[in-house]
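Biologist: Please take a close look at one part of the structure shown here, and set it in the context of what surrounds it.

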Amino acid sequence: MQIFRSLLGHTPLKAATVLAIGALALSACTNASENAAPGGGGGAASASGSAAPSFDPSTIKKDDALAAMVPAAIKSKGTLTVGSDTSYAPAEFLGPDGQTPVGYDVDIAKAIGATLGLKVQVQTSEFTGILPALGPKYDLGISSFTINPERLGAVNMVSYFNAGTAWAVQKGNPKKFSLDDVCGKNVGVQTGTVQEDPDLADRNKKCAADGKQPINIVTLKNQTDVTTRLVNGSIDAMAADSPIIGYALTQTHGQLERLGDVYDSAPQGIAVAKSDTALADVIQKTVTKLISDGSYKKILEGWGNADGAITKSEINPAASS
């Protein structure tokens, strides 16, 4: 079984308390679906002043050989357009102004663009809308996509990061939530992630087979909203990619704690349209260069996620189901 953000989607919600959680910057009574940005912009996903872009793309030199490999259509416009659900700190979220995308995925996109001599435009999108729009709307999808067989059948995936699934509960686990007995519990996940399906979907099948109550899976479009509900106690636990859980623990200042160990670690990938093998090839070669010259590791270290670094980037690596 493999977990993380899924082929379909990232999700809406409410909070009863004002929550200043650093880069998550969630506010009371927020309904993400009412925010201006489709990926959870405005108050729900904007960052505090402490969350600023940590990477300066001017430090990356253009690689003429790699730049020469860029497909003509992209080279002529001079810009890489990247689709990203900017509600998933610290990978991709909105900065202090509530409009500017920041995070390690954003920095990696900028480093790729700088290496290829291209400008980078990261556009906020709902998670479920990114992969279907590759080609017509987006050149790349960089949004913590776990590489799995379903995605590999739809798009090209260039591996660039490794993550697993982790769980969190309120500090002290006051509801005595246990991963050994999730049936009948309220569990929050972001819509379309692999935490929703297959992880919780499979757990629910077992609940049914054992004659137990089903899990109340609370699926929300934005991970920030899931975190808010957990802090407020309206759900019992939440599951997400391990870097997202780690960051949420930090930004909620001791209100949450991790439950259990990280499991089902798997590579995440930069998505490219299935037909655009030339672009996938140059992206893989560019990520390889950034790994070898140390820029890649520096970006991840700046966001406290060096543990997710990979040593080799591949196009469409084998993925477990």
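Modeller: A residue counts as buried under 20% relative accessible area, exposed over 50%, and partly exposed in between (1.4 Å probe, protein chains only). Helices (H or I, at least four residues) and strands (E, at least two) are DSSP runs, numbered from the N terminus. The model is predicted: local features need pLDDT of at least 70 and side-chain atom pairs count only at pLDDT 80 or more, while totals for chains, interfaces and linings use all residues. Residues are numbered from 1 along each chain as its sequence is written, and side-chain values use heavy atoms, with hydrogens and water left out.

The part chosen is helix H10, residues 295-302. Its buried residues are Ser295, Tyr296, Ile299 and Leu300. They lie on the same side of H10, because they cover an arc of only 135° around the axis (taken from the directions from the helix axis to the C-beta atoms). Exposed Lys298 and Gly302 sit on the face of H10 that is turned away from this buried side. After H10 comes Gly304, which has a positive phi near 70°.

The cover over the buried residues of H10, where contact means heavy atoms within 4.5 Å, includes helix H3 (104-116), E7 and helix H9 (277-292). H9 in turn lies across strand E6 (140-146), E7 and strand E11 (256-273). H9 runs at about 65° to E7; axes are lines fitted to C-alpha atoms, for helices over the stretch in contact, and angles run from 0 to 180 degrees between N-to-C directions.

E6, E7 and E11 belong to an open sheet of eight strands with mixed pairing, in the order E5-E1-E6-E11-E7-E10-E8-E9. Two strands pair if DSSP finds at least two bridges between them. Strand E5 (119-124) and strand E9 (216-220) form the edges; each has a single partner strand, so one side of each lacks a neighbour in the sheet. With direction ignored, neighbouring strands of this sheet are turned by 25° against each other on average.

Within the sheet, E6 is mostly covered, with seven of its seven residues buried. Strand E1 (residues 79-84) runs parallel to E6 and is joined to it by two bridges; Gly83 has Gly141 in E6 as its bridge partner. E6 and E11 run antiparallel and share three bridges, and Thr146 stands opposite Gln268 in E11. Towards the E9 edge, five bridges join the parallel strands E8 and E9, with Val187 opposite Ile217 in E9.

E7, which helps to cover H10, also leads towards the one disulfide of the structure. Cys183 and Cys207 form this bond, with sulfur atoms 2.0 Å apart, inside the cut-off of a pair of cysteine sulfur atoms within 2.5 Å. The pair links distant parts of the chain, 24 residues apart: Cys183 is in the loop between strand E7 (155-170) and strand E8 (186-190), and Cys207 is in helix H6 (residues 195-209). The torsion about the S-S bond is about -95°, so the disulfide is left-handed. Cys183 is buried at a relative accessible area of 16%, and Cys207 is buried at 1%.

For the protein as a whole, the secondary structure comes to ten helices and eleven strands. Of its 321 residues, 56% count as buried.
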